Amino acid sequence: MNCPKVDKLSQYVDNLLTVQEHDQIHAHVKSCDDCIRVVEAFQEEQRFLKETLQTPTLPDDFASIVLDKIEPYEQKIVRRKSKPWKRILLSAAGIVLVLGLTAALNPQEATDKLTIKFDLVELNGVKGNWKLEVPVDLIENKKLTKTIPLSDAKKSAHGVVVNMKEVQFAPSSNDLSYETSFTNEEQALVKEKIQKFEEKFGEEKVNTSTSYGTAIQYHIENEEKKTIYYRNNSLLEEKGEHYSLRMLSGAGEDMEQLGQVAWNESYIPQKVNNKLTFVLDGVFKTVPSDFSITIKPKELKKHPVSFEYEGNFITINKATMQSEFSLRKSLIPVEKETIFQIEMKGGKEALSSEFGTWILVDEKGNAYPTNQSGSILNEKDKNDRYKLNLNLKTYDLEEIPEELTLHLLSVTRYYEVKDKWQVPLY
């Protein structure tokens, strides 16, 4: 597959991609030294920013000071299909980030007190001239961060285990740490199906192109049952895209066990520290799929192929050979490579499954891994479905085959938790 663009790798590290895009890039990164280096650089940057934002070096009334200054500018919803959080000025989120960077400019200088000066010329798209000075007492502020362990909070639903770790309240951010994983039974089932794929298509092609995992959807509410934070990974009934409310950053790191992921998500601190409660809304599983469909690429222009799969209504309407400049093989001179691309269009129902990785098999039995790209529009078709565009690319085919079978190796499904699980964060 082609190396993703730097912006995509940044979004991958910040966990701002769809589950489907995340899985594809994750599979590619594991086998590409160049992309691994880029990802590691972004991860190091993220760790630096996170440590800076979490360091209790801000005054006790910092959040109130900043929020009072920007009161005319309402906090916005951070949509996952927009740019990474660290490149957005979203009222308080932007100011907190600026503070974290400013405070870390001279880490070697020992000082007990400092003053951080803000000189903003644009805020949330509005041009102006805002000046703000915030005094910081570095000694006193070591007492301000509160960490609450959540070691006894564990929930199993639809084959997914949610294990809460801790919540941390600091002047610069509120952080939630937790892990998700398959249950033992679900993990055994997934491993069994993966083994069948490896026997059928080849272990290397399956392992380098496919990722299986878990995630959750939740919200955090205050004592008045008002939602303060929202972490959303699926298509809602009223929204055609993924979004998170008041999130600064979010990242998931694969752990040793198949499907086990360690999550850490940071949110904008609130002016008033209410007693907050975590509420689990649903769980996600990226698991093996048994769906496949056969096409004749040269006949698609006259005879498109349509199919329906778990709320996705798709038409395969084009398959072509293309040439693109490649940065995978050489930098100077830049070479061209041939790409076989399959184009799909259709509609997607809210909360329907998301396609993961596909593999192509020609009439001779040769298997070809693919790279998937596409978009889900916040726009509906005549059937009240969100419009969907998908492209499958492979770099190993030299000519268009007479017949191809598309095998879907992974699919991400969402399961709503009817009995809402609640965990006090105090």
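**Exercise 1. Count the salt bridges and place two of them.**

The count comes to 13 salt bridges, a salt bridge being a side-chain nitrogen of Lys or Arg within 4 Å of a carboxyl oxygen of Asp or Glu. This is a predicted model: local features need pLDDT of at least 70, side-chain atom pairs count only at pLDDT 80 or more, and totals for chains, interfaces and linings use all residues. Residues are numbered from 1 along each chain as its sequence is written, and side-chain values use heavy atoms, with hydrogens and water left out.

Step 1. Take Lys-165 and Glu-179: their closest N and O atoms are 3.9 Å apart. Lys-165 lies in strand 6 (residues 160–169) and Glu-179 in strand 7 (residues 174–182), so the pair ties together parts 14 residues apart in sequence. Strands here are DSSP runs of E with at least two residues, helices are runs of H or I with at least four, and both are numbered from the N terminus.

Step 2. Check the cover. Buried means under 20% relative accessible area, exposed means over 50%, and partly exposed lies in between (1.4 Å probe, protein chains only). Lys-165 is partly exposed at 36%. Glu-179 is buried at 16%.

Step 3. Take Glu-402 and Lys-298, which meet in a salt bridge at 2.7 Å, N to O. Glu-402 lies in the loop between strand 22 and strand 23, and Lys-298 in the loop between strand 14 and strand 15, so this pair ties together parts 104 residues apart in sequence. Glu-402 is partly exposed at 48%. Lys-298 is exposed at 52%.

**Exercise 2. Find the partner of Lys-380, then name a salt-bridge network.**

Step 1. Lys-380 pairs with Asp-384 in a salt bridge, with the closest N and O atoms 3.4 Å apart.

Step 2. Lys-380 is partly exposed at 35%, and Asp-384 is exposed at 51%.

Step 3. Shared partners join Asp-281, Glu-416, Lys-418 and Lys-420 into one network of salt bridges.

**Exercise 3. Locate a negative and a positive surface patch.**

Step 1. Fix the rule. Patch residues have over 30% relative accessible area and no salt bridge; like charges are joined within 9 Å, and nonpolar side chains (Val, Leu, Ile, Met, Phe, Trp, Tyr) within 5 Å.

Step 2. Glu-363, Glu-398, Glu-399 and Glu-403 form a negative patch. Glu-403 sits in the loop between strand 22 (386–394) and strand 23 (404–408). Its relative accessibility is 33%, so Glu-403 counts as partly exposed.

Step 3. Lys-301, Lys-302, Lys-318 and Lys-345 gather in a positive patch. Lys-301 sits in the loop between strand 14 (292–295) and strand 15 (305–309). Lys-301 counts as exposed because its relative accessibility is 79%.

**Exercise 4. Trace two side chains to the backbone atoms they reach.**

Step 1. Ser-410 lies in strand 24 (residues 410–424). Ser-410 is buried, at 0%. Its side chain reaches the backbone nitrogen of Thr-357 at 2.9 Å.

Step 2. Asn-312 is in strand 16 (residues 312–326). Asn-312 is buried, at 1%. Its side chain reaches the backbone oxygen of Ser-353 at 2.9 Å.

**Exercise 5. Describe helix 1 and the residue Asn-15.**

Step 1. Helix 1 covers residues 6–13, and Leu-9, Ser-10, Gln-11, Tyr-12 and Val-13 are buried in it.

Step 2. Asn-15 follows helix 1 and has a positive phi, near 60°.

Notes
Accessible areas come from the Shrake-Rupley method with a 1.4 Å probe; for residues, only the protein chains shown count as cover. Lys and Arg count as positive and Asp and Glu as negative; His and the chain ends are not counted. The place of a charge is taken as NZ of Lys, CZ of Arg, CG of Asp or CD of Glu. A polar contact is a pair of N or O atoms within 3.5 Å; within protein, one must be able to donate a hydrogen and the other to accept it, and residues adjacent in sequence count only if both atoms are side-chain atoms.
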